[in-house]
Amino acid sequence: MAVAPYRTIQEYKDVLTGTPRTFDCELLEKTAGRAIVIYRLPRETVIEGIKMPPGTISYGYFWEQRNYNVYHFVDAKGQTLGLYFNISDSTHISDKQIYWRDLVVDLLVEADGSCWVLDEHEIPADISEDLLRLILRVRDQIIARVNQIRKEVEEKTNALRRG
């Protein structure tokens, strides 16, 4: 069953280095401190070696109380292609926008469960000790709970797909 989104919301990704980015997404669900959006990939994309065919849907999960967000990539049949975690802070969800700050380090979970830590080499040399500790702590928490988080996300995605 197709997902029936009800309105557009802007995802605003702030960054430690570089240029912020915005994405117009379809809001599926918003509750206190949490939002779920979808973004339809308009063309084939390769993310860290994982091929995402045209029509791949990214379910984005955002929480104000968690220092990460996660994108669940599924194919047209609803099969998981991968999960992509962004370590983040300052997430704020309003009626019109999801704001979050990307803290550089990401984790990729492939469909087979393989988990990869990405971009640690891009952490700025002048980063504060507190922010570095946060990044490393959250990285380790995600790794320790990756199967539990994956199950939570996949179950919610499947429920949303069923409508």
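## Ser58, a buried residue

A residue counts as buried when its relative accessible area is under 20%. Ser58 has a relative accessible area of 5%, so Ser58 is buried. This model is predicted.

Ser58 sits in strand β6. What does Ser58 touch, not counting residues up to four places away in sequence? One group of partners is Val37, Ile38, Tyr39 and Leu41, and another is Tyr71, His72 and Phe73.

## The largest pocket

The largest pocket holds about 740 Å³ of space. Its lining is made by 29 residues. Which of them lie nearest the centre of the pocket? They are Lys13, Arg21, Phe23, Ile47 and Tyr71. Tyr71 has already appeared, as one of the residues that Ser58 touches.

Several strands give two or more residues to this lining. They are β1 (7–15), β2 (21–31), β3 (34–40), β4 (45–47), β6 (57–63), β7 (68–74), β8 (80–93) and β9 (97–110). Which element gives the most? That is β9, with four residues. Sorted by class, the lining has 15 nonpolar residues, nine charged ones and five polar ones.

## Asp102 in strand β9

Asp102 lies in strand β9. Is Asp102 buried or exposed? Its relative accessible area is 8%, so Asp102 is buried.

Not counting residues up to four places away in sequence, Asp102 touches Lys13, Asp14, Val15 and Leu16. Asn86 and Ile87 are also on its list of partners. The side chain of Asp102 also has a polar atom 3.0 Å from the backbone nitrogen of Val104.

## Leu16 in a loop

Leu16 is in the loop between β1 and β2. It is partly exposed, because its relative accessibility is 27%.

Which residues does Leu16 contact, leaving aside its neighbours within four places in sequence? Arg101, Asp102, Leu103 and Val104 are among them. Pro124, Ile127 and Leu131 complete the list. Ile142 is 126 residues from Leu16 along the chain, and the two C-alpha atoms are separated by 21 Å.

## Ser90 and Thr91 in strand β8

Ser90 is in strand β8, and so is Thr91. Ser90 is partly exposed, because its relative accessibility is 43%. Thr91 has a relative accessible area of 11%, so Thr91 is buried.

Leaving aside neighbours within four places in sequence, Thr91 is in contact with Trp63, Glu64, Tyr99 and Trp100. Ser90 can be placed relative to Asp102: 12 residues separate them in sequence, and their C-alpha atoms are 9.0 Å apart in space.

## Two positive phi angles

Most residues other than glycine have a negative phi. What is the phi of Ser90? It is near 60°, a positive value in a residue other than glycine.

Glu48 also has a positive phi, near 50°. Glu48 lies in the loop between β4 and β5 (50–52). Its relative accessible area is 47%, so Glu48 is partly exposed.

## Trp116 in strand β10

Trp116 is found in strand β10, which covers residues 115–118. Trp116 counts as partly exposed because its relative accessibility is 45%.

Leaving aside its neighbours within four places in sequence, Trp116 is in contact with Asp106, Leu107, Leu108 and Glu110. How do the side chains of Trp116 and Glu110 meet? A polar contact of 2.5 Å joins them. Arg161 is 45 residues from Trp116 along the chain, with 27 Å between the C-alpha atoms.

## Cysteines and disulfides

A disulfide is a covalent bond between the sulfur atoms of two cysteines. How many disulfides does the structure hold? The count is zero.

Cys25 is buried, because its relative accessibility is 3%. Cys115 has a relative accessible area of 32%, so Cys115 is partly exposed.

How values were computed:
Residues are numbered from 1 along each chain as its sequence is written. This is a predicted model: local features need pLDDT of at least 70, side-chain atom pairs count only at pLDDT 80 or more; totals for chains, interfaces and linings use all residues. Side-chain values use heavy atoms; hydrogens and water are left out. On a 1 Å grid over the protein atoms alone, a cavity is a set of points where a 1.4 Å probe fits but cannot get out, and a pocket is an open set with protein on both sides within 12 Å along at least five of seven lines; lining residues have an atom within 4 Å of a point. Grid points are joined across faces, edges and corners, and a volume is the space filled by probe spheres set on the points. Ala, Val, Leu, Ile, Met, Phe, Trp, Tyr, Cys and Pro count as nonpolar, Asp, Glu, Lys and Arg as charged, and the others, Gly among them, as polar. Buried means under 20% relative accessible area, exposed over 50%, partly exposed in between (1.4 Å probe, protein chains only). Contact means heavy atoms within 4.5 Å. A polar contact is a pair of N or O atoms within 3.5 Å; within protein, one must be able to donate a hydrogen and the other to accept it, and residues adjacent in sequence count only if both atoms are side-chain atoms. A disulfide is a pair of cysteine sulfur atoms within 2.5 Å.
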